[in-house]
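Welcome! Here is a short tour for anyone meeting this structure for the first time. Take a look at the sequence and the model, then read on.

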Amino acid sequence: MRLLVLGGTEFVGRAVVEAALGRGWDVTVLNRGRHAPVPGVRSLAGDRTAPDGLAALAEGEWDAVVDTWSSAPRAVHEAARLLRGRAGRYVYVSSCSVYAWAPPAGYTEDAPLAEGAAPDAGPTDYVRDKRGGELAAVGAFGTENSVLVRAGLILGPYENVGRLPWWLTRMARGGPVLAPGPRDLPLQYVDVRDLAEWTLGAVERELSGPYNLVSPQGHTTTGALLDACARVTGAAAELRWTAPEVILDAGIEPWTQLPVWVPPGSDMYDALHSADVSRAVVTGLACRPVEETVADTWRWLQDIGGTAPQRPDRTAKGLDPEVEAKVLAADGGVSGTTP
């Protein structure tokens, strides 16, 4: 297989490149050169936001293109139109955020989609940017030759958003840790490497259309995730499980200040942790245990010196230590601790 990855040096793009090389594929990447390419690829220079930024792609043919772009849809629009007729399949890594708010629990790929997006638009907001990227991919390659990977929460090595790395560094500090309850709250996420393997499998199977791509419901829980984080760091972290209402009354923001977690029963919970992924499962999605995702991310963090990269276009994640201590002191109750 001849694969072109637009990007290919960070998080999702890097995982796709490594998985493709592992399969013996011929991989080309196009990026701005801000990060070193994975050894073994053919690297082309290009800035999709600049005039003639795609000049390096004027020639060449590929079996598939993987595009992870998440800003102005016109960048996808221009790339897809340029590559139409010279690539067999266009895979766009989108997001479950493209569904009209708020999708009901158990929503499938047929759920209503957000309105107001355009394939050739400039940057707007994350939802319309991703939906516009979808429209651009389908507009150039048609429904039969495009794949829309509607990913949910993505975790794993190379994460540059700050969710799992924050929990791991917080556990490494030790001491009482504000653990957002309930402990058995089901979570949905996808390990970036499992996303990459499914994506390449979709190319091999010549799949098309949209796919929700996160772990099946019941794959893991908040408790299992945070227990794994505490255990793998080896620090003396004491998880103090705190009721959702205590956290919300303290003004703590779900998802950002306490990454991954959102309160049960909310529209946000249904949108982020209640997707129907049966279509992806029957086409090959396999999700590794949460313990493996956590351990490998911790190992990667240690290898790079303990500080994860941070995308400049994403908000910082995590809870201020003083706020955490204040909430724990005021609550006083402990509904569960790590062994």
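Please keep in mind that this is a predicted model. We begin with the strands at the start of the chain, where strand 1, helix 1 and strand 2 make a right-handed β-α-β unit. After that we turn to the salt bridges, of which the structure holds 19.

**Strand 1 and its neighbours**

- Strand 1 covers residues 2–6, and four of these five residues are buried, so the strand is largely enclosed by the rest of the structure.
- One partner of strand 1 is strand 2 (residues 26–31): the two pair in the parallel sense, over five bridges.
- Another partner is strand 4 (residues 62–67), which also pairs with strand 1 in the parallel sense, here over four bridges.
- Leu4 is a handy residue to find in the model, as its bridge partner in strand 2 is Thr28, while its bridge partner in strand 4 is Val65.
- Leu6 has a bridge partner in strand 2 as well, namely Leu30.

**Strand 2 and what lies around it**

- To follow the β-α-β unit, trace the chain from strand 1 through helix 1 (residues 11–22) to strand 2; the unit is right-handed.
- Strand 2 is mostly covered, with five of its six residues buried.
- Besides pairing with strand 1, strand 2 runs parallel to strand 3 (residues 42–45), and four bridges join these two.
- Within strand 3, the residue that stands opposite Asn31 is Ala45.

**A salt bridge between Glu204 and Arg23**

- The side chains of Glu204 and Arg23 meet in a salt bridge, with 2.6 Å from N to O.
- This pair links distant parts of the chain, 181 residues apart: Glu204 belongs to helix 5 (residues 192–205), and Arg23 sits in the loop between helix 1 and strand 2.
- Are the two partners buried or exposed? Glu204 has a relative accessibility of 42%, so it counts as partly exposed.
- Arg23 is partly exposed too, because its relative accessible area is 30%.

**A salt bridge between Asp296 and Arg193**

- Asp296 forms a salt bridge with Arg193, and the closest N and O atoms are 2.7 Å apart.
- Here again the pair links distant parts of the chain: Asp296 lies in helix 10 (residues 290–303) and Arg193 in helix 5, 103 residues apart.
- Asp296 has a relative accessible area of 17%, so it is buried; the cut-off for buried is under 20%.
- Arg193, at 21% relative accessibility, counts as partly exposed.

**A salt bridge between Asp313 and Arg314, and a network**

- Asp313 and Arg314 bring their side chains together in a salt bridge, with 3.3 Å from N to O.
- With a relative accessible area of 42%, Asp313 is partly exposed.
- Arg314 is partly exposed as well, at a relative accessible area of 23%.
- Which residues are joined into one network by salt bridges that share partners? They are Asp191, Arg193, Asp194, Arg288, Glu292, Asp296 and Arg299.

Notes:
Residues are numbered from 1 along each chain as its sequence is written. This is a predicted model: local features need pLDDT of at least 70, side-chain atom pairs count only at pLDDT 80 or more; totals for chains, interfaces and linings use all residues. Side-chain values use heavy atoms; hydrogens and water are left out. Buried means under 20% relative accessible area, exposed over 50%, partly exposed in between (1.4 Å probe, protein chains only). Two strands pair if DSSP finds at least two bridges between them. A crossover is right-handed if, with the strands pointing away from the viewer, the path from the first strand over the helix to the second runs clockwise. A salt bridge is a side-chain nitrogen of Lys or Arg within 4 Å of a carboxyl oxygen of Asp or Glu.
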